[in-house]
Amino acid sequence: MSISRLLGRLFGGQEAAPADNRVPAAPPAAPPAPTFNYNDERIPKTAKAKALQILAAIDNVEKAMEREQVPSFSRVDTAQMRDVHLPQLIQSYIDVPAFHRDEIFKRTGKSASFHLGASLDKLQERVDAMLRDLAEHDIAAFTNNTRFIDERYSNDDNPFR
């Protein structure tokens with residue numbers, strides 16, 4: 001018998017409420033971010049192909065970032081591109097009813113599909129630039145390593161090196 005129950009019996013004639021020794025349950029985990037359906041038939045085929053190419057390039061950037069010490073904001077940037085910006089861009093295109101897309105052409109002189117493609121091209125350019133920047137570090141490391149091997153293991157006995 002616990003002390004609180006014993007004291008409850010002695011002084012109040014009733015048992016004290018049992019102590020709750022359970023560990024409170026952890027709050028439920030946030031639900032995973034909804035995945036976007038890039039196979040939606042309302043997405044133009046060329047835009048769908050570009051979006052899938054961007055996703056593959058982002059995956060390559062994220063793999064390259066694992067090898068490098070990259071600032072966290074760069075990792076956040078790629079995650080936002082994949083999880084927020086790309087799906088929102090395409091969803092905003094889908095949300096414009098097909099019979100109202102002519103209004104975009106009237107306002108801008110270019111179709112909604114053109115604007116979607118141009119925006120996807122900008123995203124692709126940014127991802128390609130990120131991958132190029134990460135590759136530059138790899139190229140520099142490779143160049144330094146080949147230079148070291150050449151100097152260290154060269155058969156040339158030139159004392160003025």
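Okay, so let's start with D40. Leaving out residues up to four places away in sequence, D40 touches two residues, K48 and I94. Where does D40 sit? You'll find D40 in the loop between α1, which is 3-12, and α2. And is D40 buried or exposed? D40 counts as buried, because its relative accessibility is 12% and the cut-off for buried is under 20%. Quick reminder before I go on: what you see above is a predicted model.

Now, follow that contact over to I94. I94 belongs to helix α3. I94 is buried too, with a relative accessible area of just 6%. Besides D40, the residues that I94 touches are F36, R42, I43 and R101, again not counting residues up to four places away in sequence. Take R42 from that list: R42 and I94 are 52 residues apart along the chain, yet their C-alpha atoms are separated by 6.3 Å.

Let's zoom out for a second. The protein chain has five helices and zero strands, so if you read along the sequence you get α-α-α-α-α. How much of the protein chain is buried? Of its 161 residues, 21% are buried. And if you take the contacts between residues at least 6 apart in sequence, 60% of them join residues at least 24 apart. The I94 and R42 pair, at 52 residues apart, is a nice picture to keep in mind there.

Okay, on to the core. The largest nonpolar core has 23 residues, and the members touching the most others are I54, L86, I90 and V127. Which helices each supply at least two residues of this core? Those are α2 (45-67), α3 (72-95) and α5 (112-153). The one giving the most is α2, with eight residues.

So let's look at α2 by itself. α2 has 23 residues, and from its first C-alpha to its last it reaches 34 Å, close to the 33 Å expected at 1.5 Å a residue. The buried residues of α2 include I54, A57, I58 and V61. Also on that buried list is K48, and you've met K48 already as a contact of D40.

Now jump to V127, which is one of the buried residues of α5. If you leave aside neighbours within four places in sequence, V127 is in contact with I54, A57, I58, V61 and M81.

That last name, M81, takes us back to α3, since M81 lies in that helix. M81 is buried, with a relative accessible area of 4%. Leaving aside its neighbours within four places in sequence, M81 is in contact with I58, L86, P87, L123, R126, V127 and M130. Also, the C-alpha atoms of M81 and L55 are separated by 8.9 Å, with their positions 26 residues apart along the chain.

Last stop is α5. This helix has 42 residues and reaches 61 Å from first C-alpha to last, close to the 62 Å expected at 1.5 Å a residue. Its buried residues include L116, L120, L123 and M130.

But α5 has an outside story as well. F148 lies in α5, and F148 counts as partly exposed, at 46% relative accessibility. Together with I149 and Y153, F148 forms a nonpolar patch on the surface, with about 350 Å² of accessible area. For the protein chain as a whole, about 12,400 Å² is exposed, and carbon and sulfur atoms supply 56% of that.

How values were computed
Residues numbered from 1 in each chain as written. Predicted model: local features only at pLDDT ≥ 70, side-chain atom pairs only at ≥ 80, totals over all residues. Heavy atoms only, no water. Core = buried A, V, L, I, M, F, W, Y, C linked by side-chain atoms within 4.5 Å. Buried < 20%, exposed > 50% of the residue type's maximum accessible area, 1.4 Å probe, protein only. Helix = DSSP H or I, 4+ residues; strand = E, 2+ residues; numbered from the N terminus. Contact = heavy atoms within 4.5 Å. Expected span 1.5 Å × (residues − 1). Patch = residues over 30% accessible without salt bridge, like charges linked within 9 Å, V, L, I, M, F, W, Y side chains within 5 Å. Areas by Shrake-Rupley, 256 points an atom, 1.4 Å probe, with all protein chains shown as cover. Salt bridge = Lys/Arg side-chain N within 4 Å of Asp/Glu carboxyl O.
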